[in-house]
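Me: I would like to go through this structure with you and ask, for each label used, what reasoning stands behind it.

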Amino acid sequence: MNTLLSASATPNPGDGEGELLGEVLSIRGGRPLTGRVDVKGAKNLATKAMVAALLGEDVSVLRDVPDISDVQVVRSLLEVHGVTVEDDGEGVLRLDPRGAVSAHMEEIDAHAGASRIPILFCGPLLHLLGQAFIPDLGGCRIGDRPIDFHLDALRAFGAIVEKLPSGIRLSAPGGLRGADIELPYPSVGATEQVLLTAVRAKGTTELRNAAIEPEIMDLIAVLQKMGAIISYEPNRVIFIEGVDSLRGYDHRCIFDRNEAASWACAALATDGDIFVGGAKQQEMLTFLNVFRKAGGDFDIAEDGIRFRRGGALRPVVVETDVHPGFMTDWQQPLIVALTQAEGESIVHETVYENRLGFTRALVQMGADIVVHPEGIASSDRRVPRRALEQAAVIKGATPLHGADVVVPDLRGGYSYVIAALAAEGQSTVRNIGIIRRGYEKFLDKLAAVGADFDVIG
Ligand code: EPU
């Protein structure tokens with residue numbers, strides 16, 4: 001039986017990052033956002049490609065790298081391990097792994113920040129140095145986010161995993177060998193872990209139930225440029241033939257479809273008109289379908305996509321899923337727009353168990369949203385029900401009004417800002433720093449689309 005959880009008005013510290021990263025915005029809402037923003041390379045590719053550079057025997061060049069704090073975290077970690085990283089200030093990183101060395105646990109811990117990327121250093125470091133250490137991992141607090149798939153995969157390659165009070169130490173005295181791995185769920189991170197480890201392991205790896213997100217395909221392209229042999233078959237099967245050495249790469253990151261979808265939802269929620277330079281149709285097909293069904297309209301151009309309303313907003317039923325489904329990262333900004341649709345929308349969150357907590361602040365701003373922590377049974381589901389799923393029922397249209405809210409996580413934080421911009425009156429949005437983990441030049445872009453705000457702290 002479903003338990004009903006009425007969204008309460010108080011921000012829940014349990015959903016937050018635990019520390020306030022600074023910057024408070026005072027936002028005056030009620031104005032459509034109109035103008036152009038450009039998106040750069042995807043956070044969820046750039047950071048992984050940077051780790052891949054560790055596997056090369058010479059310099060790698062990564063282009064269109066976004067200026068976000070997750071990239072800074074990975075850069076610091078690479079530097080701690082002796083990799084030289086040069087940044088031309090225009091999104092081009094030159095990564096030289098030739099001086100790679102093992103780092104002290106304390107240094108790694110100090111530079112890991114709130115990111116989950118350190119876990120992806122394991123395979124490359126085990127090949128390079130025979131050992132690796134990962135601190136307790138951060139990342140957005142959107143569920144338990146365990147690392148069991150990662151550790152099981154690394155064990156399958158022959159790594160020895162030792163849990164310490166400060167983190168996890170791995171070693172591979174006999175080297176790593178190809179493995180036969182089936183993931184319990186097509187996890188993005190675990191698939192990347194297997195790819196980054198298998199390319200230099202001895203022998204062939206077969207990975208079943210792999211994630212096939214466009215960012216993963218782009219990582220495969222990076223690894224192929226480095227000399228890896230990777231093929232994939234239908235039904236989420238990837239084969240990796242290990243090679244003895246890899247060279248550097250020169251690669252332009254795939255665009256950030258999460259950022260593009262966020263700005264699209266900002267246009268929808270505020271009845272605005274935003275051209276997202278760099279957005280591409282192919283990787284956003286599923287999003288565009290839902291956007292259109294919810295009353296949005298878009299024009300695809302050579303250099304980007306223009307997003308706006310096509311009439312009154314309409315309620316939709318959405319299930320988040322792995323690719324090619326509707327991404328979990330898209331549901332948070334979409335929910336803001338759905339508060340303005342006449343009727344009842346349902347968002348089934350099937351990827352993370354705690355990614356709907358952010359709706360509490362939307363309720364505080366006047367939205368009618370009820371979260372069902374154990375999901376809602378429904379006969380016409382495409383995605384098989386998962387034990388951890390939740391659902392949000394959004395009844396609209398409800399006028400939004402200003403409020404004082406604290407950013408809980410990356411996508412939730414972005415959603416609060418656009419809710420405040422869609423709302424009548426003044427809002428205070430605190431802890432904006434988290435948004436910099438994944439949205440580059442966020443305040444400049446807000447200004448470029450005519451948002452009315454001040455930085456007050
Ligand atoms: N999971 C496990 N065990 C594991 C790994 C994952 O149970 O060892 C579970 C997770 O708890 C979750 C599900 O599997 O319920 C999916 O997790 P996945 O591993 O696919 O996610 P991730 O690699 O940790 C990446 C992105 C997320 C994005 C998800 C889904 C990065 C750095 N993060 O996370 O991005 O939501 O894939 O597409 O690539 C964001 O950008 O805001 C963000 C959170």
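The exchange below takes up the ligand, the domains, the cysteines and one lysine in a model that is predicted.

Me: What makes Lys48, Asp148, Ser187, Val188 and Val351 part of the surroundings of the ligand?

Reply: A residue is placed near a molecule if one of its heavy atoms lies within 4 Å of it, and 26 residues surround the ligand, with these five the closest. The shell that results divides into 12 nonpolar, five polar and nine charged residues.

Me: How do you know that the ligand has a polar contact with the side chain of asparagine 44?

Reply: The cut-off for such a pair of N or O atoms is 3.5 Å, and an N or O atom in the side chain of asparagine 44 is 3.2 Å from an oxygen atom of the ligand, so the pair counts as a polar contact. By the same cut-off of 3.5 Å, a polar side-chain atom of tyrosine 352 qualifies at 3.0 Å from a ligand oxygen, and a polar backbone atom of phenylalanine 149 qualifies at 2.8 Å from a ligand oxygen. As for cover, the ligand taken alone exposes 840 Å², of which the protein buries 92%.

Me: Why is the ligand said to lie between domain 1 and domain 2?

Reply: The ligand is described in this way because domain 1 (2-39 + 255-456) and domain 2 (43-252) both give residues to the shell around it. The centres of domain 1 and domain 2, taken over C-alpha atoms, are separated by 30 Å.

Me: Why are cysteine 122 and cysteine 253 called buried or exposed?

Reply: The term buried requires a relative accessible area under 20%; cysteine 122 has 0% and is therefore buried, and cysteine 253, with 6%, is therefore buried as well.

Me: How many disulfides does a search of the whole structure find?

Reply: A disulfide would need a pair of cysteine sulfur atoms within 2.5 Å, and the search of the whole structure finds zero disulfides.

Me: Why is lysine 445 classed as buried or exposed, and what polar atom lies 2.8 Å from its side chain?

Reply: Lysine 445, whose place is in helix 13 (residues 442-448), has a relative accessible area of 8% and is therefore buried, the limit being under 20%. A polar atom of the lysine 445 side chain lies 2.8 Å from the backbone oxygen of aspartate 38, a value that falls within the 3.5 Å allowed for a polar contact.

Methods: Residues numbered from 1 in each chain as written. Predicted model: local features only at pLDDT ≥ 70, side-chain atom pairs only at ≥ 80, totals over all residues. Heavy atoms only, no water. Polar contact = N/O pair within 3.5 Å; in protein donor to acceptor, adjacent residues only side chain to side chain. Areas by Shrake-Rupley, 256 points an atom, 1.4 Å probe, with all protein chains shown as cover. Nonpolar A, V, L, I, M, F, W, Y, C, P; charged D, E, K, R; others polar. Domains from an automatic or database assignment. Buried < 20%, exposed > 50% of the residue type's maximum accessible area, 1.4 Å probe, protein only. Helix = DSSP H or I, 4+ residues; strand = E, 2+ residues; numbered from the N terminus.
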